[in-house]
Amino acid sequence: MVMRKPAVAFLLITALLLPTVFANAPDNFMSSFIKAINTGNYSLIEPYMSDELRAQFTEEYFDRIREFTLKNYGELKGYTYVKNETSGNLFRIEYRVEAEKGSFPVLLAYRDGKLVGIALGVKARPNPTGMLLTMLGALIVLALVWPFKRPEVSELILGSGIALVLAIIIPFYSIVSLLLLSSLQARAFTVAFLSAITIEGLKFYFSRNRDGLSIGLGIGIGQYVLLAIGTFVATNFIMKLPVSFSGGLAYAFLEALLFTAFHALSGLAYSRKGIKPFLLFATLEIVVLYLMGVGSYGPAIGVLALSAGVAWMGGGSVGITGRKAR
């Protein structure tokens with residue numbers, strides 16, 4: 001009996017201390033999490049995570065979360081406790097992280113004292129820069145053409161309508177390829193091929209006996225002005241899914257500029273030469289869209305510039321300025 005009393009006392013003290021130690025564990029994690037996001041040191045939070053969480057919340061994933069968080073919220077300053085709850089064998093605790101540009105919630109989930117889940121309530125801030133740059137790219141082409149050949153309003157409207165139709169059709173190609181193909185390269189090529197054939201097919205069909213230049217300009221304006229505005233407003237203010245246009249802004253501008261020029265010049269070539277340049281234009285567009293599909297934006301812009309140049313040499317210079325390119 002003499003020996004049992006210290007043992008009972010030890011167990012009693014341990015039972016009283018364990019909740020305190022566990023309660024401090026989320027705080028310790030949050031302190032390390034703040035430092036990890038600010039410094040990029042993944043190893044600060046890795047020891048706190050269970051094996052199953054570590055397999056999902058990898059260093060690569062952490063880097064993406066960190067970049068997104070710092071871009072939209074700035075440096076993290078601290079955190080405050082919000083609430084906790086128990087559900088089955090899960091203990092959930094919520095914090096609110098304070099940052100330079102606002103705050104966001106962080107939810108931690110523990111099972112048997114181990115961290116098994118992390119959820120960040122971060123979201124992108126509405127940023128119209130990319131939308132404005134794509135609009136500018138398309139409108140610059142329109143402004144350059146205007147002094148030499150004034151586009152027909154009805155054909156501009158027709159071209160914009162074609163762009164809206166394409167915006168409905170082309171996403172289905174991505175869905176089908178995602179369901180049927182496992183390779184990124186195979187999916188990118190399939191979508192690029194079907195998209196280019198569809199775009200050039202519709203452009204040729206409507207440009208052959210009409211003002212192809214105005215129709216091509218309309219396609220560019222429909223895609224990079226009307227759809228850009230509609231997408232930005234719908235995602236940010238109707239569906240409440242803020243879209244960030246930070247990153248690749250130069251590419252967004254050049255894509256809108258060069259694709260609008262390509263559509264206008266190739267449409268003009270179809271009006272002047274019929275079906276003859278179709279295969280060449282479709283092939284160039286397949287290459288551009290494939291490179292974009294695999295993330296090679298630099299080479300894609302280069303090929304797109306070449307495509308616009310080919311369309312210019314293929315009749316665009318004559319149709320716009322009345323003089324052959326040298």
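## Helix α8: length and end

In this predicted model, helix α8 has 25 residues, which at 1.5 Å a residue should span 36 Å; the C-alpha atoms at its ends lie 35 Å apart, and the two values therefore agree. Immediately after α8 comes Gly-274, with a positive phi of about 70°.

## Overall architecture

The chain contains ten helices and four strands. Read from the N terminus, its elements follow the order α-α-α-β-β-β-β-α-α-α-α-α-α-α. Of the 326 residues in the chain, 38% are buried. Among contacts with a separation of 6 or more, 66% join residues 24 or more positions apart.

## The nonpolar cores

In soluble globular proteins, nonpolar side chains tend to be buried together. In this model the largest nonpolar core has 38 residues, and the members that touch the most others are Leu-217, Phe-259 and Phe-262. At least two core residues come from each of α4 (129-145), α7 (212-238), α8 (249-273), α9 (278-293) and α10 (297-321). The greatest contribution is that of α8, which supplies eleven residues.

Phe-259 illustrates how this core is connected. Apart from neighbours within four places in sequence, Phe-259 contacts Tyr-224, Leu-254, Glu-285, Val-288, Leu-289, Met-292 and Leu-304. A second core, separate from the one just described, comprises 25 residues, including Ile-34, Ile-37, Leu-76 and Leu-115.

## Packing of α8 against α9

Two packed helices are described by the angle between their axes and the distance between the axes. For α8 and α9, the angle is about 165° and the axes are 11 Å apart. Because an angle over 145 degrees counts as roughly antiparallel, α8 is roughly antiparallel to α9. Their crossing is left-handed.

On the α8 side, the contact is formed by Glu-255, Phe-259, Phe-262, His-263, Ser-266, Ala-269 and Tyr-270. The residues of α9 that take part are Phe-278, Phe-281, Glu-285, Val-288, Leu-289 and Met-292.

## Helix α9

Helix α9 consists of 16 residues and extends 22 Å from its first C-alpha to its last, close to the 22 Å expected at 1.5 Å a residue. Its buried residues are Phe-278, Phe-281, Ala-282, Leu-284, Glu-285, Ile-286, Val-288, Leu-291 and Met-292. An α-helix has 3.6 residues a turn, so residues three or four places apart point the same way. Following α9 is Gly-295, which has a positive phi near 85°.

## Packing of α8 against α6

Helix α8 also packs with helix α6 (residues 184-207): the two axes come within 8 Å and cross at roughly 50°. The pair is therefore oblique, and the crossing is right-handed. In α6, the participating residues are Ile-199, Glu-200, Lys-203, Phe-204 and Ser-207. They meet Phe-262, His-263, Ser-266, Gly-267, Tyr-270 and Ser-271 of α8.

## Two buried residues: Gly-267 and Thr-69

Gly-267 belongs to helix α8. Its relative accessible area is 0%, so Gly-267 is buried. Leaving out residues up to four places away in sequence, Gly-267 touches Lys-203, Ser-207, Gly-212 and Leu-213. The C-alpha atoms of Gly-267 and Gly-212 are 4.1 Å apart, although the two residues are separated by 55 residues in sequence.

Thr-69 is located in helix α3 (residues 59-73). With a relative accessible area of 1%, Thr-69 is likewise buried. When residues up to four places away in sequence are not counted, the contacts of Thr-69 are Ile-37, Gly-74, Leu-76, Phe-104, Leu-120 and Val-122. Of these, Ile-37 and Leu-76 are also members of the second core.

## An exposed loop residue: Asp-112

Most residues other than glycine have a negative phi, and most peptide bonds are trans. Asp-112, by contrast, is a residue other than glycine with a positive phi, near 55°. Asp-112 sits in the loop between β3 (102-111) and β4 (114-120). Its relative accessibility is 70%, and exposure requires a value over 50%; Asp-112 therefore counts as exposed.

Key. Residues are numbered from 1 along each chain as its sequence is written. This is a predicted model: local features need pLDDT of at least 70, side-chain atom pairs count only at pLDDT 80 or more; totals for chains, interfaces and linings use all residues. Side-chain values use heavy atoms; hydrogens and water are left out. A nonpolar core is a set of buried Ala, Val, Leu, Ile, Met, Phe, Trp, Tyr and Cys residues joined through side-chain atoms within 4.5 Å. Buried means under 20% relative accessible area, exposed over 50%, partly exposed in between (1.4 Å probe, protein chains only). Contact means heavy atoms within 4.5 Å. The expected span of a helix is 1.5 Å times one less than its number of residues. Axes are lines fitted to C-alpha atoms, for helices over the stretch in contact, and angles run from 0 to 180 degrees between N-to-C directions. Angles under 35 degrees count as roughly parallel, over 145 as roughly antiparallel, 65 to 115 as roughly perpendicular and the rest as oblique. A crossing is left-handed if the near helix is turned anticlockwise from the far one by less than a right angle, and right-handed if clockwise.
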